Amino acid sequence: KRILSLILIIVLSLSCSAVSADNSIIISLQIDNPIMTVNGVEKEIDPGYGTSPLISGDRTLVPIRAVIESMGGSVGWDDITDTVSLTIGENSIKLGIGSNVAYFNNTPCILDTVPVIINSRTMLPIRFIAEKFKSL
């Protein structure tokens, strides 16, 4: 768990730095911990629900809203298609629940793990999201 936490810190740190070169943002998440730190300040990942990052099929899934909003982005949800939209600046990612195809700036990408809903909370693969937004 410690190694995975460190990897998440590094991946998110790189991603956030790419998004905001002038104001580096460091986000730290830990498996099974409902608290994250953003530039050293603790806050709930999923306020009021206690949702924590988890490992599913060797991949880390997280409730993403607090992470994206901490990076200055926004999160949207389409009830009709069960699709999550993540936006940071001019860039966007769309992920459908149960679908292994995501879209980065409308370009299809194959996921190695699918987004899921667990206990009424949407859980998304953080590695894919961090790598895509890192490329900004």
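**Note on two sheets, a helix and an aromatic pair**

1. Both Phe-104 and Phe-133 are buried, a term that stands for under 20% relative accessible area, with exposed over 50% and partly exposed in between, for a 1.4 Å probe and protein chains only. The model is predicted, so local features need pLDDT of at least 70 and side-chain atom pairs count only at pLDDT 80 or more, while totals for chains, interfaces and linings use all residues. Residues are numbered from 1 along each chain as its sequence is written, and side-chain values use heavy atoms, with hydrogens and water left out.

2. Rings of Phe, Tyr and Trp (its six-membered ring) pair if their centres lie within 6.5 Å, and planes under 30 degrees apart count as stacked, over 60 as edge-to-face and the rest as tilted. By this rule there is one aromatic pair. The ring centres of Phe-104 and Phe-133 are 6.4 Å apart with the planes at 75 degrees, so the pair is edge-to-face. Because Phe-104 belongs to strand 9 (residues 101–104) and Phe-133 to helix 3 (residues 126–134), the pair ties together parts that are 29 residues apart in sequence; helices (H or I, at least four residues) and strands (E, at least two) are DSSP runs, numbered from the N terminus.

3. Strand 9 belongs to an open sheet of five strands in the order 6-7-8-9-10, with antiparallel pairing, where two strands pair if DSSP finds at least two bridges between them. Strand 6 (74–78) and strand 10 (107–110) are at the edges with a single partner strand each, so one side of each is left without a neighbour in the sheet. Strand 9 and strand 10 are joined by four bridges, and Phe-104 has Thr-107 in strand 10 as its bridge partner.

4. An open sheet of four strands, also with antiparallel pairing, has the order 4-5-12-11. Its edge strands, strand 4 (54–56) and strand 11 (116–118), each pair on one side only. Three bridges join strand 11 to strand 12 (residues 121–125), and the partner of Ile-117 in strand 12 is Thr-122.

5. Helix 3 lies across strand 5 (59–62) and strand 12, at about 60 degrees to strand 12, and it also lies across strand 7 (83–88), strand 8 (91–96), strand 9 and strand 10, at about 160 degrees to strand 8. Contact means heavy atoms within 4.5 Å; axes are lines fitted to C-alpha atoms, for helices over the stretch in contact, and angles run from 0 to 180 degrees between N-to-C directions.
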